[in-house]
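Student: Could you take me through the reading of a structure, feature by feature, giving the general idea and then the case at hand?
Tutor: Gladly; let us look at it together.

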Amino acid sequence: MPPGPKPRGADGRPELEPGEGEDLCYLSGEWRIFQFLKGHRWSVDDLLAAWVGAAAGEAIGAKTHLDLGTGLGSVLLMIAWRLPAVRSVGLEAQAERAALARRSIAWNGVEERCRVVEGDLRDARALEARGLEGPSFDLITGTPPYFPRGSGTESPEDGIAHSRFEHHGGVEAYLEAASRWLAPAGVMVLEANALVGPRIAPAARAVGLSHERWIDVVPREGKPVLLRLDTFRKGPPREPARETLTVRDRAGQWTPEFSRIRAELGLPPVPPRSTPPAG
């Protein structure tokens, strides 16, 4: 049986049923998330960002959480599932994604402690007018787009292009925003493509964030690092503790550590058994 808090469900509200081109997918426990059938969907990247964020928030007794560039709201909702005492705000620049995230929040029945604000994280004045004032968040998470503009072919669909390319800023903009809204004793968790790794440390120093932890994520044993998860606090520069997380072993099976991560966030810790074909 899936663990954790139970969702409210559609509760007779037609807007909380999947529309054309949409899907309602399992997330943590019995919670679900609205997604588009085609385009950007939640993945292991979001799971790992939520895992590190939830652990960091739990360690400091966080009461408030801000998810920068929340997109569909996957990281926001997984942290809300894992830390039911925390009040979360998602910040999203794309109205279509923000609307989908709000419907997921409503389906799971957590409107009283989760909300989404539309806006560009680089526009501090406009966001202050919408109630985002700092420093006020104990925990901040952010998963910037993985590629700079001009570094690849962008999808003609805005939602896909904006989720992959830095239309609203990269790691520098996310760290600057975090320094603005992070409470004095708060923690910021950033997930980024390993290719932009050299930009992270100088960007953090420039805005007064101290690099506390660095996790390299290897998708499969023997493969190069694909992602990295970095944790920051306010303060002078320091040498971060460095770790490595491997998602799959050489045979392609989930590692025990990754299975544990899935279990902690309410996902089945073992792959589903395949059913042999009839006859």
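**Reading the features**

Tutor: The lining of the second largest pocket is made up of 14 residues, and those that lie nearest its centre are Trp 42, Ser 43, Val 44, Arg 262 and Leu 267. Two or more lining residues come from each of S1, helix H1 (44-60), strand S10 (241-248) and helix H8 (256-264). This is a predicted model, in which local features need pLDDT of at least 70 and side-chain atom pairs count only at pLDDT 80 or more, while totals for chains, interfaces and linings use all residues. Residues are numbered from 1 along each chain as its sequence is written, and side-chain values use heavy atoms, with hydrogens and water left out.

Student: How is a pocket defined, and how much space lies in the second largest pocket?
Tutor: On a 1 Å grid over the protein atoms alone, a pocket is an open set of points where a 1.4 Å probe fits, with protein on both sides within 12 Å along at least five of seven lines, and lining residues have an atom within 4 Å of a point. Grid points are joined across faces, edges and corners, and the volume is the space filled by probe spheres set on the points. For the second largest pocket this is about 200 Å³.

Student: Into which classes do the residues of its lining divide?
Tutor: Ala, Val, Leu, Ile, Met, Phe, Trp, Tyr, Cys and Pro count as nonpolar, Asp, Glu, Lys and Arg as charged, and the others, Gly among them, as polar. On that scheme the lining of the second largest pocket has 9 nonpolar, 2 polar and 3 charged residues.

Student: Why is helix H2 described as largely enclosed?
Tutor: Helices (H or I, at least four residues) and strands (E, at least two) are DSSP runs numbered from the N terminus, and buried means under 20% relative accessible area, exposed over 50% and partly exposed in between, with a 1.4 Å probe and protein chains only. Because 8 of the 9 residues of H2 (residues 74-82) are buried, the helix is largely enclosed by the rest of the structure. Among these buried residues are Leu 76, Leu 77, Met 78 and Trp 81.

Student: How many aromatic pairs does a search of the whole structure find, and how is such a pair described?
Tutor: A pair of aromatic rings is described by the distance of the centres and the angle of the planes. Rings of Phe, Tyr and Trp (its six-membered ring) pair if their centres lie within 6.5 Å, and planes under 30 degrees apart count as stacked, over 60 as edge-to-face and the rest as tilted. The whole structure yields 1 aromatic pair. Its members, Trp 254 and Phe 258, have ring centres 5.9 Å apart and planes at 70 degrees, so the pair is edge-to-face. Both Trp 254 and Phe 258 are buried.

Student: Which polar contacts do the side chains of Ser 28 and Glu 15 make?
Tutor: A polar contact is a pair of N or O atoms within 3.5 Å; within protein, one must be able to donate a hydrogen and the other to accept it, and residues adjacent in sequence count only if both atoms are side-chain atoms. Ser 28, in the loop between S1 and strand S2 (32-36), is buried at 0% relative accessible area, and a polar atom of its side chain lies 2.8 Å from the backbone oxygen of Leu 265. Glu 15, in the segment before strand S1 (22-26), is partly exposed at 38%, and its side chain contacts that of Arg 13 at 2.9 Å.

Student: What is the phi of Asp 11?
Tutor: Most residues other than glycine have a negative phi. Asp 11, although not a glycine, has a positive phi of about 55 degrees; the residue lies in the segment before S1 and is exposed at 56% relative accessibility.
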